[in-house]
Every structure is written in structure tokens, then in C-alpha cells.
Amino acid sequence: MEQYDLVVIGSGPGGYVAAIRSAQLGYKTALVEKYDTLGGTCTNVGCIPTKAILDSTHHYHDAAHHFTAHGIQVEGLSMDFNRLYERKDKVVLQNTQGLNFLMRKNKVTVIHGTASFVDNSTLQVVRSAQDSLLLGAKKFIIATGSKPATVPGVTIDKERIITSTEALSLQKKPDNLVIIGGGVIGVEMASIFNRLGCEVTIIEYADHLLANMDHELGDALKRILVKDGIRILLEQAVYKTENMGNTAKVFFRDRGGKEQELQADYILVAVGRKAFTVGLGLENTGVRLDARGMVVTNEQLQTAVPHIYAIGDVIGGAMLAHKAEEEAIFVVEHMDGQKPKLHYDRIPSVVYTWPEVASVGATEEDLKAKGIAYAIGKFPFSANARARAGMNTQGFVKVLADQKYGELLGVHVIGARAADLIAQGVLGLEYEITADSMSRVSYAHPTYSEVMKEAHTLASGRPSVNI
């Protein structure tokens, strides 16, 4: 039985970052992955391929709708659906090959196979029906991620009732698509297929899109998506789907009980994700799961067995790749005797529609619920010179600051390059900077970042002076 200082189970963003950091600190490290490629959901069927297709369809949409205004004439514009997906596959391959290189560079032992605990200190890895091995370790990290969730009455058959995973591997562009769920995955998938010319309907149970973000963001995005031709039905409860062979049906009712049904080429289920622990052999250990199937951990992300840790989607919270990465560094450095810090309220969320949506810190709804007095600074992209020059005037920046001391409490952006701009808000929250201080540094002109400056200025109580 091979012995290691640390064995990491799962090679998604949390797992591979943990393995690399462990090896960097001098520990003998193994990374176990049941699939043939490293990277987990994010790299293979999530973040990376989705963004590749989002970027491709964004270029296509711009060429179809915006190039003429720039004086660019395009004749005979068309979309090669197969080529679109081939480029996505190439991007994924480049990323997985990069991970293989990083494992070799950092001398991490990679073992492909299905892992399960034999006891608190031993892991069995089945590589094939005839081949398995035992691994022992001083410490373990469970980083097995999550799988798509569904709702009662909806069975994902991966044929007509699908998830984003299957949507990223379609062989033919659908004519129409119904998406159950108006969260991050739902609106990103809606953007992709709407740009391709599909008729798209989103059915959402909550009364806002992006219900976990500041509600102004979801309301603004709804107006933009509806203008783009996406049908959005809020406060609707889906209770059944049916595979009709060449199409599928979805049945739902509103809060008043009114029943409706829709038929489409595919029903895409995007109602969130659930922790994946099936076959992990946790029953052979002291590791505990909560009522939702999440691995229970303490503040150091240790399970009930102190030398077994868990990170990422498998422990719940915001199911974000970068959240898993931060937890990975935190855990490994904690194992090393360091004193790292992890602030969940300073981890940003991003939606890669266009315009993009990004958020960090408290929402206005959070502050109202807690009775915290706050000031608002809100500035539109339409008043920004760079946004006008680039024809990207949709959206706004909304800064929430403590009313008495001016410390940043939350930053929320819907607009061009919001995914990159939000890093400034993260920095402000991490170092407890005031809105006034954030507004008094120099911002290059003309840039989209000036929208941030003006929102900070207004949140500090001073008037805006720039465009």
C-alpha cells in the first residue's frame, strides 16, 4: 500500500489547486480522479466550455446586430453549429492538457480510478474491473464536487430532459428550448441558444431572476433578456415533464394554481446542483452528511474525522470554482501550520451573459433584513464615455456603504466587463476600504472602470463630476 502525506479525491478546481499547493509545500501528494481527464465539472462540462460558447455566440450576435452601426458590412452571415462546438472542445482540451503539465511540474502523482474509503485512513482506488490499489495517507481532502439537481416530477433522461452538460454536446441546433430555472446556469444557457436563433423560454419559481443576487440586478437582466427575445415566466412551479420522443413537454402552475404546459425540442433543467458523494464509502468512516447530503465540516473545513477535510461544492455554500480554489489553499496551508483566512462574504459571483452581472458582499435585501443603515451610490453605464464609444451602455454599478463610517458593504454590477470590474469591489471589501477612499484614487479615462469610481463617489455622499 502506497503511503502519502495527502491524498486529494477529485480533480476539479478545488482538488487540483489543493494538490498543487500541497506539493509546493513539500508534501508527498496524490490526486485521484475517476474520469479520464482532470479538471472536474468546471473545466470539462461547466465554466470553461460554457464561456467558450458564450464568447463565440456573442461575436455572432454582434456581427448580426451591431456591426452595421460601426460601419462594418457583413454579407451572408451564418453560424456553423458544429464548428462552434469543435472550438469549445479545443478550448477544453487546451485546459486539461495544461492541468496535466501542472501535475508533472509539481510532482503530483495522478491516479485515475474510482475512490472509496475502506476506513478512516485507507482509500481503495478501482482503476478497472481487474485492477485496484490501496492508498494510505496522513490526511485526505474530499473534493468530489456536485451533480445537477432536479425538482420533484422532473426526471433528467439526458435525451429530451437534459442539463447544461448535455446542452454543451448537442449534435444539432434546436429550434426551441425551455429552461427550468432562472439562476446563473439558466440565464447563461438562455443567452447562448437565443443568440443562435432558438426560441427560448425560462421558467423560474422565484419572483426574480438571479434570486440570490441583489434584486435590482435580476430585474435589470430580465428587461435586457426580454428585449433580446427571451420569454421569461416568473413565480411558476414546474411539477412534471414528459419525453415525447422528438420533443418534450413541461407542466407548471403559477402561485394561484393556474396550469400551463409548453412543448419544445428540449427541456433543460437548471435548478442548481447537489453534492456528489455516491460510492465514496463514507459509511466506512466517521465523516457525517447533513440532511441535504452535504459533507459536514467545521471552520477549518475538517470533517468529524479531523484528518479528513472537505472543500468545494461537496460542502455546500456558493457552488463556485473560485470558492473551491480558496478553500483548497486555506485547507492545505492550515494543514501546514499556517494561519490562513477565508471570508465567504468576500467571494464574488459572476454571470456571463451580456451585459455581464457580478456581485460581492451584502445585497440591499440583506441589509434591510438585518436593519443595517446604508448609503447607495448608483451610476449608469449610459453616462460613461467608454461605454458609449463601445456601444455598451446597458446596466449600472451599485455600491452599498455603511451610512456612518462609509465602509463598503456590497458592490453590484450589471454591465460590460462586470466580471473583471468586480475584482475592485472584492479588494475594497477584503481590506475594509471606504467608498470615499475607493473614489479618490485615479482611474484611467476613458474606461469602463470609471463607472465604479462614480458609484463610489455617490455612495460617499459627494456628487459625481465625471462621465
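I took two strands as paired if DSSP finds at least two bridges between them, with helices (H or I, at least four residues) and strands (E, at least two) read as DSSP runs numbered from the N terminus. The model is predicted, so I kept local features only at pLDDT of at least 70 and side-chain atom pairs only at pLDDT 80 or more, while totals for chains, interfaces and linings use all residues. Residues are numbered from 1 along each chain as its sequence is written, and side-chain values use heavy atoms, with hydrogens and water left out.

**Entry 1, strand S21.** I began with S21 (residues 396–402) and asked how many of its residues are buried, meaning under 20% relative accessible area with a 1.4 Å probe and protein chains only, where exposed is over 50% and partly exposed lies in between. I found 7 of the 7 buried, so the strand is largely enclosed by the rest of the structure. Phe396, Lys398, Leu400 and Asp402 lie on one side, and Val397, Val399 and Ala401 on the other. S21 pairs with S20 (residues 374–380) in the antiparallel sense over 7 bridges, and there Tyr374 stands opposite Asp402. With S22 (residues 408–415) I noted an antiparallel pairing over 6 bridges, in which His412 is the bridge partner of Lys398. S21 and S22 form a hairpin with 5 residues between them, and Gly406 in the turn has a positive phi of about 85 degrees.

**Entry 2, helix H4.** I compared the 25 residues of H4 (residues 81–105) with their expected span, taken as 1.5 Å times one less than the number of residues; this gives 36 Å, and the end C-alpha atoms are 37 Å apart, which agrees. The buried residues of H4 include Phe81, Leu84, Tyr85, Lys88 and Val92. At the start of H4, a side-chain oxygen of Asp80 reaches to within 3.2 Å of the backbone nitrogen of Asn82. H4 is followed by Lys107, whose phi is positive, near 60 degrees.

**Entry 3, helix H6.** For the 12 residues of H6 (residues 184–195) I noted an expected span of 16 Å against 17 Å between the end C-alpha atoms, which agrees. I counted 10 of the 12 residues as buried, so H6 is largely enclosed by the rest of the structure; among them are Met189, Ile192 and Phe193, as well as Glu188 and Arg195. Just after H6, Gly197 takes a positive phi of about 95 degrees.

**Entry 4, Glu166.** Which side chain of opposite charge is nearest to the buried Glu166? I found Lys158, 4.5 Å away, and no salt bridge, which would need a side-chain nitrogen of Lys or Arg within 4 Å of a carboxyl oxygen of Asp or Glu. Glu166 lies in helix H5 (residues 164–167), and a polar contact of 2.7 Å joins the side chains of Glu166 and Thr163, the term standing for a pair of N or O atoms within 3.5 Å; within protein, one must be able to donate a hydrogen and the other to accept it, and residues adjacent in sequence count only if both atoms are side-chain atoms.

**Entry 5, a parallel sheet.** I traced 5 strands in an open sheet, in the order S8-S15-S9-S10-S11, with parallel pairing. S8 (161–162) and S11 (231–233) stand at the edges, each with a single partner strand, so one side of each is left without a neighbour in the sheet. S9 (residues 176–180) and S10 (residues 199–203) are joined by 5 bridges, and Ile180 stands opposite Ile203 in S10.

Technical notes. Lys, Arg positive; Asp, Glu negative; His and termini not counted.
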